[in-house]
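Dear colleague,

Please find the structure below, handed over for your consideration. A summary of what was found in it follows.

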Amino acid sequence: AARSLHTIDASCPLVTKVHQEAKRFARDDYDILLIGHEGHEEVEGTAGEAPEHVQLVDGPDAVDKVSVRDESKVIWLSQTTLSVDETMETVQRLRERFPGLQDPPSDDICYATQNRQVAVKAMAPECDLVIVVGSRNSSNSVRLVEVALGAGAKAAYLVDFAREIDPAWLEGVRTIGITSGASVPEILVRGVLDMLAEHGYGEVQPVTTANETLVFSLPRELRDARR
């Protein structure tokens, strides 16, 4: 603003929703138990909306450290890119300690994150190798590697680009599963498919477990530009 620069807020609406929930329940003087990973940018942003009311719960093992002022006014929220299974395990542990724990008004975990985890669970048992396209600082991409291994994949690796794939990973491999983080450009996934085709893995079988129909409006400034 000081430099008269024009800004556009391109925050994910699902993340903004969690921010609004944090502010709303802080106004009502709730203790907010935020399930997420310490140091993650999204967790810092959400906690920053109501620092006096938010406590971070980094997984099931952190539940015993939680303390609240009034057990009748406790609610949990979550980082949008977590493992669904691990989050619900944490919620269950919290509910054992605080039976009056309230759920968020709507699901906090991103639908794209959930759908990818469900798809990976469906394909992993048939895969000798799962390759997740995504960045190491992407929580949902890292979770996909964990989900693949937990669901039965013999091996799983995270890569940013096709060139990071080690040909040694392909030795003795017949079936490879490919997935990507929720915000990975399609061109990076295509690059991995093209590279694998060059190594003899040319047959591609899509795995569909959900059809995503949700569409978000562009920021107002971009809608005007498109018109």
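The protein chain contains seven helices and six strands. Please note that the model is predicted. Read from the N terminus, the order of the elements is α-β-α-β-β-α-α-β-α-β-β-α-α.

As to overall dimensions, the C-alpha trace of the protein chain spans about 60 × 50 × 30 Å along its principal axes. The chain has 227 residues, of which 43% count as buried. Among contacts with a separation of 6 or more, 77% are between residues 24 or more positions apart.

The surface exposed by the protein chain amounts to about 13,000 Å², and carbon and sulfur atoms supply 48% of that area. The chain carries 23 positive and 37 negative charges; the mean positions of these two sets are 5 Å apart.

Two surface patches deserve mention. The first to be described here is negative and is formed by Glu-38, Glu-41, Glu-44 and Asp-58. Within this patch, Asp-58 is located in the loop that runs between strand E2 (54-57) and strand E3 (74-78). Asp-58 counts as partly exposed because its relative accessibility is 35%.

The other patch is nonpolar and consists of Ile-8, Leu-218 and Leu-222, which together have about 210 Å² of accessible area. Ile-8 belongs to the segment before helix H1 (13-27). With a relative accessible area of 37%, Ile-8 is likewise partly exposed, since that category covers values between the buried limit of 20% and the exposed limit of 50%.

With kind regards

Definitions and conventions
Residues numbered from 1 in each chain as written. Predicted model: local features only at pLDDT ≥ 70, side-chain atom pairs only at ≥ 80, totals over all residues. Heavy atoms only, no water. Patch = residues over 30% accessible without salt bridge, like charges linked within 9 Å, V, L, I, M, F, W, Y side chains within 5 Å. Areas by Shrake-Rupley, 256 points an atom, 1.4 Å probe, with all protein chains shown as cover. Salt bridge = Lys/Arg side-chain N within 4 Å of Asp/Glu carboxyl O. Lys, Arg positive; Asp, Glu negative; His and termini not counted. Charge placed at Lys NZ, Arg CZ, Asp CG, Glu CD. Helix = DSSP H or I, 4+ residues; strand = E, 2+ residues; numbered from the N terminus. Buried < 20%, exposed > 50% of the residue type's maximum accessible area, 1.4 Å probe, protein only. Contact = heavy atoms within 4.5 Å.
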